[in-house]
Each structure stands twice: as structure tokens, then as C-alpha cells.
Amino acid sequence: MITRLNRRQNIRYRIRKKISGTAQKPRLSVFRSNSDIYLQLIDDTNGTTLAAASTREKAIAGAAGTKSEKAKLAGAALAAKAVAVGITTCVFDRSGYLYHGRVKATADGAREGGLMF
């Protein structure tokens, strides 16, 4: 029996087989928990995180709104950190989640913040 977690894991492996991040074009990885969303810009060649943001940061956690609205703020915050470091392009890794709801809001916020993918 394939559970929802196993299905997502298989999709995640399929996505990771095709995409990889570099220092110039890192991978924007999304992790979605029930209450929060966590974002990282990862350089896979060196195995380092170049920038990170989540909805648990004080500025975002204190903001009023739905989880999707906070996810959009987290995407914009990550984009601001990335631009400060000098990163303008990335590869989006949805980690097996459907491109819908909070994951889509995150991508929209990052695009509005200045990241291109």
C-alpha cells in the first residue's frame, strides 16, 4: 500500500533526479509542515545553504493573515536575502508537494521579490 508520504517521497526523488543547484543558480527548496513553511537556497555542488527563510521568523510570524499569505511573505523575505547575497536566479524544488496553495504562494512571493525561475 502506498501512503501519501511514500507518494510524495517518490515524486521528490523524481524531481531531484532532474534538478540540482549551483552557486550561481541555487535550488530553492520548499518544506511544508502543517503550520509553517521553510525555504532554503541550496548549492548542491558544495552542499551549503546560501540563504534561508521561514514563516517562523519574527516579522512574518507576527503578521496577521492566512498561512498562504505568510508563505508569500516568506518567499519575498528569501528573495530579499538572495538579492543581498547577489543571487538573482534559482531552480524551484517543490519537494513533491503540489504546485498549489502555500507552495504556489511561496513561488509568487519569491518572484515578486526579485528571484527568477
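Six bridges join β2 to β3, and the two strands run antiparallel; strands here are DSSP runs of E with at least two residues, helices are runs of H or I with at least four, both numbered from the N terminus, and two strands pair if DSSP finds at least two bridges between them. This is a predicted model, in which local features need pLDDT of at least 70 and side-chain atom pairs count only at pLDDT 80 or more, while totals for chains, interfaces and linings use all residues. Residues are numbered from 1 along each chain as its sequence is written, and side-chain values use heavy atoms, with hydrogens and water left out.

Within the pairing of β2 and β3, I42 has T49 in β3 as its bridge partner. The two strands form a hairpin with four residues between them, and G47 in the turn has a positive phi of about 70°.

On its other pairing, β2 is antiparallel to β1 over six bridges. R32 stands opposite I37 in β2, and β1 and β2 form a hairpin with four residues between them. Five of the seven residues of β2 are buried (under 20% relative accessible area, with exposed over 50% and partly exposed in between, for a 1.4 Å probe and protein chains only), so β2 is largely enclosed by the rest of the structure.

The largest nonpolar core, a set of buried Ala, Val, Leu, Ile, Met, Phe, Trp, Tyr and Cys residues joined through side-chain atoms within 4.5 Å, has 22 residues. β1 (27–32), β2 (37–43), β3 (48–54), α3 (67–85) and α4 (102–113) each give two or more residues to this core. Its largest share, five residues, comes from α3. L28 is among the residues with the most contacts inside the core. Contact means heavy atoms within 4.5 Å, and L28 touches residues including L39, L41, L78 and L115, not counting residues up to four places away in sequence.
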